[in-house]
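Please work through the exercises below with the sequence and the structure open. Each task is followed by a solution in steps.

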Amino acid sequence: MRKGVMAVVLFWAAGTTMADINVDTLARTCNNCHGLNGVSAGATMPSIGGLPKGYLSKIMKEWKYDKRAAATMNRIVKGFSDDEIDALAAYFSKRRWLPVAQKTSAVQLKLGKSVIRENCEDCHGTYGNDPDIDAPRIDGQSTEYMALELEKYRDEAFDMPHRKMKKTIRRLKDGEVTPVVDYYGAQKR
Amino acid sequence: MPAYDRRAFIKALSAAPAASILSISNAHAAKVKARVVVVGGGYGGATAAKYLRLLDPGIEVTLIERETVYTSCPLSNEVVSGERAIETLQVGYKGIQKHGVRVVHDEVTAIDPAKKSVTTAGGQNFVYDALILSPGVEFNYGAVQGLSKELAESRLPHAWKAGPQTLLLKRQLEAMPDGGRFIIAVPKGPFRCPPGPYERAAQVAHYCKQHGKNKAKILILDANDSFSKKPLFEQAWKALYGYGPDGMIEWVSGANDGKVERVDPDSLTCHTGFGEHNGDVVNIIPPHSAGKVARDLGLATFKNAWCEVKPESMEATGQKDIYVIGDSCVGGDLATNNAFPKSAHMAMSQAKMAAAALVAKINGLPLPVPVYTNTCYSVVAPDWGFSVVHLYRVENGQWVYIKSGSGISPVTLGTPPKPVPRIYRRLEAQYAEGWLRNVLADAFG
Ligand SMILES: Cc1cc2nc3c(=O)[nH]c(=O)nc-3n(C[C@H](O)[C@H](O)[C@H](O)COP(=O)(O)OP(=O)(O)OC[C@H]3O[C@@H](n4cnc5c(N)ncnc54)[C@H](O)[C@@H]3O)c2cc1C
C-alpha cells in the first residue's frame, strides 16, 4: 500500500499552466456525479474520463453559452471561465476510458446490432469505440444515460445542436432505442 | 494506470520526511508522514478519509464511526413513500478500508486537543497530528416542549437521520386513514437539507395518491418564511397533488403562526404560538446543531450551534489542527445570505478541500486554490425532479458565492415565459438516482 511513499512530493497545480487554476481541485468536484477518474457508478450519469479533449470542451462551452440544452450541466459550467473549462477537458481527456459493460439479453443484443448496422455504425463504429472525430466513445457508456440522451434528441422541446444525430435518432422506431443503447452499453473491448 | 490524482498531484520526491508544518510530532518516524483521525463516517468523514489516502498514501488515516452500516439520508424520503427499499441507501465500510483507511467502529466520547488524543466509549485511545470532525448533527429535542428522544424513537419519528425512524414513519403513513392529516414541522433554519421537508411532503402526497387516500392532507408547519426551490416545489405540488387550503399539500409560514412550540404526544396535537393542529401522523423535525463531539470542544461558536472554519482549509477557527466539515460547520457567503447548504454533496466538497489542504500542509506546500460546489436534486414524483446548484470560491480569505455558477432548475423557459417541457423534470428525476449511486461510490467505494 505504501510503496512509493518515500519517493513522492506534492506537486500542485500540475496539468495546468494557469497559475490560479488548480484543475485537480476543480475536477474533484465532478467526481460526485461522474465518478473517480470520470468513470460513472450510476447508470443515468455518463462516464467522461478518456473522452476527447475537443469534444469535452466543445460540449461544456455550448452549455455555458446557451447553445445546447441540458437539465443540470448548463448551470454548473456557467460559473467556470473558458480556461477552466479547457483545463477540465484536458484533465478528463487524460484519464483512461473504462467501458463499464452492462448486462442485457441476447435478444436485445441481436436487435441492437442490426439497428446499429443500419443507422449508427458509420459514425460511432460497430462497437461504439471507433467514432468519428466529432463523436464521443459510447462503448460501455452508462446505458440509462444514453437512453436519456436519445430521448433528448427525440423530443422537439429539447434543443440538441447536432442535426444529423437528431435526424438519425428521430428515424428510430420506439422499440429500437432500448436495444441500441443496451448494445453499446454492453461493449467492453 | 496511474493512481488517481497522485500522478498530477504528487511528484518524484526527495526524502522530505513529514509533518514539518504540523505543530506536533505524533507521527512516528520515517514511514508515516502524519496521523489523521477522522470522527464520523458519513458522507463528509468517509470522503475525507478516502481522499486523504488517495492524495497521499504516506498519511495514516483512522476513521472512527459508531455504526457498521451507513444509511444515506438523500433519497430516504422515497423510502417513506414506498418508492424505494432502504437497502438501496445502505453501505458498509469495506470500500474505505481498501484504500488503506483503518476503520474503527466505536463512539468517540472525548477529545483532548492539548494531548491531541481521542478517546472512545470502548476505551480506545488514538493520537493524532490532525483531526477531522464530521459528526453530522445533534438534535435539540428540548426546543419543542413535550418532545424527547424516546418519543422520536417510538411515536414521533423525525426521520431526519435515515434508519429505523424512516421505516417507522413509513409504517405510520401506511396506517394513516384516508382523510388523515400528516403534519411536518420544520425548524428555524439553518437545518440539514434545506429542500428536504418539502420533498418529503411531495413523497407523502405521492403515496397517498397511489393508495387512494385522496382526501389526505399534508400540512407543513414551518418556522421559516420561505424555503429552498420554493417556486419549483409550489409548481409541482399544484400540478401533481393540489396545493393550498383546498389542496392535498398546505404550507403555513412562520409569519402565519407556523412555528410548532409544543406537542402533545397523546392527542398528537401541535401547538403553535396561537393555534393548535391535530395530526394522524406527526413528523416534527427538531432544531439541530453541530454534533456533540464538536460542541464539547467549544467549537460551535456560530449562533451557539455551528462550527466556524477557515475558508481556505476548513480548519476550525477556534482550534489548530482540527478541521470541521459537513453539517456541523457553517460556511459560505454569510454576508449575502448564501451560507453553505447542509447537504451530502456539500459535505463531500468540503471533505475534499480539507483533505487537499491537509495534504499540502503535511508536505509543506502552498494550499490549493479552493472551490466548493453543491448540487441537490429533489424528487417530488417518480418522473418529476429538479435541482439547485451552488458554486463558491474564496477571495481575499473570504467565501464568495458565485451567482453565475449557481441557481435552480428553470421554473419557466424563454421570453415571454413558457412552461418548462416535461422532459426536463423527467431527466432530473432520473439523474437524482445516478447522483446517489455516484456519491455513494465516491464517498464509500
Ligand atoms: C430526508 C433527508 C434528505 C436529504 N437529501 C439530500 C439530498 O438529496 N442531497 C444532499 O446532498 N443531501 C441531502 N440530505 C443531507 C445529508 O444527509 C447531510 O447533509 C449529510 O449526511 C451530511 O454529512 P455529514 O458527514 O456531515 O453527517 P452524517 O452523514 O450524518 O454523518 C455523521 C456520522 O458521524 C457518526 N458519528 C457522530 N458522532 C459520533 C461519535 N461521537 N463517534 C463516532 N461516530 C459518530 C454518525 O454515526 C454518522 O454516521 C438529506 C437529509 C435528509 C434528512
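The exercises treat the ligand site, two sheets and some features of the backbone.

This is a predicted model, in which local features need pLDDT of at least 70, side-chain atom pairs count only at pLDDT 80 or more, and totals for chains, interfaces and linings use all residues. Residues are numbered from 1 along each chain as its sequence is written, chains are lettered from A and ligands numbered from 1 in the order in which they are written, and side-chain values use heavy atoms, with hydrogens and water left out.

**Exercise 1. The ligand and its shell**

Task: Identify the residues that come nearest to the ligand, and describe the shell around it.

Solution:

Step 1. A residue is near the ligand if one of its heavy atoms lies within 4 Å of it. Of the 34 residues around the ligand, the nearest are B:Glu65, B:Tyr70, B:Ser134, B:Arg192 and B:Asp327.

Step 2. Next come the polar contacts (pairs of N or O atoms within 3.5 Å; within protein, one must be able to donate a hydrogen and the other to accept it, and residues adjacent in sequence count only if both atoms are side-chain atoms). An N or O atom in the side chain of B:Tyr70 is 2.5 Å from an oxygen atom of the ligand. For B:Ser134, the distance from a side-chain N or O atom to a ligand oxygen is 2.8 Å, and for a polar side-chain atom of B:Arg192 it is 2.7 Å.

Step 3. The ligand taken alone exposes 1,000 Å², of which the protein buries 97%; accessible areas come from the Shrake-Rupley method with a 1.4 Å probe, and for residues only the protein chains shown count as cover.

Step 4. The shell divides into 15 nonpolar, 11 polar and eight charged residues. Here Ala, Val, Leu, Ile, Met, Phe, Trp, Tyr, Cys and Pro count as nonpolar, Asp, Glu, Lys and Arg as charged, and the others, Gly among them, as polar.

Step 5. Helix 10 of chain B gives the largest share of the shell, three residues. Helices (H or I, at least four residues) and strands (E, at least two) are DSSP runs, numbered from the N terminus.

**Exercise 2. The position of the ligand**

Task: Explain why the ligand lies between domain 1 and domain 2 of chain B.

Solution: Domain 1 (6–138 + 289–367) and domain 2 (141–286) of chain B both give residues to the shell, so the ligand lies between them. The domain bounds come from an automatic or database domain assignment.

**Exercise 3. Two sheets**

Task: State the strand order and the pairing sense of the sheet that holds strands 7, 8 and 9 of chain B, and do likewise for strands 15, 16 and 17 of chain B.

Solution:

Step 1. Two strands pair if DSSP finds at least two bridges between them. The first sheet is open, with the order 7-8-9 and antiparallel pairing. Its edge strands are strand 7 (108–112) and strand 9 (125–127) of chain B.

Step 2. Strand 8 (residues 117–120) and strand 9 of chain B pair over three bridges, and B:Thr119 stands opposite B:Asn125.

Step 3. The second sheet is also open and antiparallel, in the order 15-16-17. Strand 15 (260–264) and strand 17 (276–278) of chain B form its edges.

Step 4. Four bridges join strand 15 to strand 16 (residues 269–272) of chain B, with B:Arg262 opposite B:His271.

**Exercise 4. Backbone features**

Task: Where does B:Pro190 lie, and which residue does a cis peptide bond join to it?

Solution: B:Pro190 lies in the loop between strand 12 (181–186) and helix 7 (196–210) of chain B. The cis bond joins it to B:Gly189, with omega about 0°.
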